[in-house]
Amino acid sequence: MPIETLDASVDAVVIGGSFAGLSAALQLARARRTVAVIDDGAPRNRFAARSHGFFAQDGTPPLQLIAAARERVQAYPTVQFVSGRALRARRVDDGNGDGDGGRQFSVSLDDGRTLAARRLLLAIGVQDTFPDIDGLAPRWGASVLHCPYCHGYEEAGRRLGVLSAGPASVHHALLIKEWGPTTLLLNGQPLADDEARRLRAHGVAIEPAVVQALEGPLPRLSAVRLADGRSLPLEALFVAPRVRIGHELVDSLGCELIDGPFGPMLRVDELKQTSVPGVYAAGDAAHLRHNATFASADGVLAGVSMHHSLIAGLGA
Ligand SMILES: Cc1cc2nc3c(=O)[nH]c(=O)nc-3n(C[C@H](O)[C@H](O)[C@H](O)COP(=O)(O)OP(=O)(O)OC[C@H]3O[C@@H](n4cnc5c(N)ncnc54)[C@H](O)[C@@H]3O)c2cc1C
């Protein structure tokens, strides 16, 4: 898209062109609204070879799924795609008062381009952060995993580990046990006696030692090396990463964050509007549960809500 066309005002700017953003853009495009989708090409599941559990697309590589969705959205004449990173956004006072017509936002990209829109969608996903263990990050999405519904089937029957990240890891370990023999790696953290009894009663082994490194030919895992020198054979390690959210963009708008189960998430109402009127959020950044199906459904809801809000007399 040539740089000069970006100055035009559109009905909606969607920041993030993955499961949530493209699903919203599709609804808006089908309602014949002008939409600009800004995306810098880093969807959360880009580390995984295949995406599982998605309606009619089980096992398709995630980037292929996103490319196919983008192609469909791009076919609508009112949609433009903008490659780049949205750095900041702000409400622009256009002098029309506080009514629907007065809502206007300006989005600045990292290369200096700007876009104006009546509605904004933050479909920006989240970034995973990991414990600092040698060999963990390069195995992410292959043999270091987080979601058993996404990857458990492929690892079924193998020796599985769960890296403790606090009290919720007991639940995680009992769940993972459904897919194969499981060890909870406490990594030096304490475990209450009743929790230990509960785990053992359900056949989950407990390893108290600190984990020093992951071993095996990348990206596979064959063992974890423990601080006391022992090596524990394992073929997949489940972790519960904390997540980060794109703070600069969110802060520039003044959207409220709340504590979610995995880290901060955007506060939204039942129509996916954030604490800032006219700014919506969908997908991992604004949903309690994280997977491609939830993110897509969330995007549909946001897109429809945004459209309603653009219709005088119908929206908020
Ligand atoms: C390793 C791994 C494997 C997974 N496997 C599965 C699976 O098998 N099945 C499943 O259902 N789910 C899976 N998930 C979960 C799934 O990836 C997420 O739930 C889903 O990607 C969320 O979609 P989203 O649109 O909210 O965010 P994302 O897919 O993360 O997309 C966000 C998009 O916004 C862009 N973006 C962010 N900030 C900006 C900005 N400021 N400017 C421009 N662009 C920006 C990013 O580049 C990205 O393209 C997996 C996750 C991981 C980490």
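Here is a short walk through this predicted model, starting at the ligand and moving outward.

**Stop 1: the ligand and its shell**

Select the ligand and show the residues around it. You should find 35 of them, and the closest are S18, D39, D40, A42 and H52. Colour this shell by residue type and you will see 15 nonpolar, 14 polar and six charged residues.

Next, switch to a cartoon view. Helix 1 (19–30), strand 2 (35–39), helix 3 (148–155) and helix 7 (292–310) each contribute at least two residues to the shell. Colouring by domain helps here too: domain 1 (10–127 + 242–312) and domain 2 (131–238) each provide at least three shell residues.

**Stop 2: polar partners of the ligand**

Now pick D284. A polar atom of its side chain sits 2.9 Å from a ligand oxygen atom. Moving to N45, you will find a polar side-chain atom 3.4 Å from an oxygen atom of the ligand. At N291, look at the backbone instead: one of its polar atoms is 3.3 Å from a ligand oxygen. How much of the ligand does the protein bury? Taken alone, the ligand exposes 1,000 Å², and 98% of that is buried by the protein.

**Stop 3: two residues of helix 3**

Stay with helix 3 and select E155, which is located there. E155 is buried, at 4% relative accessible area, and its side chain makes a polar contact of 3.1 Å with the side chain of R220.

Then choose Y149, which is exposed, with 58% relative accessibility. The whole structure holds three aromatic pairs. One of them joins Y149 and W179 edge-to-face, with 5.6 Å between centres and 90 degrees between the planes. Y149 belongs to helix 3 and W179 to the loop between helix 4 (168–176) and strand 10 (182–185), so this pair ties together parts 30 residues apart in sequence.

**Stop 4: backbone details**

A little background for this last stop: most residues other than glycine have a negative phi, and most peptide bonds are trans.

Select L218 and P219, which are joined by a cis peptide bond with omega of about 5 degrees. P219 falls in the loop between strand 12 (211–215) and strand 13 (223–226).

Where does R32 lie? Look in the loop between helix 1 and strand 2. R32 is not a glycine, yet its phi is positive, about 65 degrees, and the residue is exposed at 74% relative accessible area.

Finish at N187, in the loop between strand 10 and helix 5 (193–201). N187 is also not a glycine and has a positive phi, of about 55 degrees.

Conventions:
Residues numbered from 1 in each chain as written. Predicted model: local features only at pLDDT ≥ 70, side-chain atom pairs only at ≥ 80, totals over all residues. Heavy atoms only, no water. Near = heavy atom within 4 Å. Polar contact = N/O pair within 3.5 Å; in protein donor to acceptor, adjacent residues only side chain to side chain. Areas by Shrake-Rupley, 256 points an atom, 1.4 Å probe, with all protein chains shown as cover. Helix = DSSP H or I, 4+ residues; strand = E, 2+ residues; numbered from the N terminus. Nonpolar A, V, L, I, M, F, W, Y, C, P; charged D, E, K, R; others polar. Domains from an automatic or database assignment. Phe/Tyr/Trp six-rings, centres within 6.5 Å; stacked < 30°, edge-to-face > 60°. Buried < 20%, exposed > 50% of the residue type's maximum accessible area, 1.4 Å probe, protein only.
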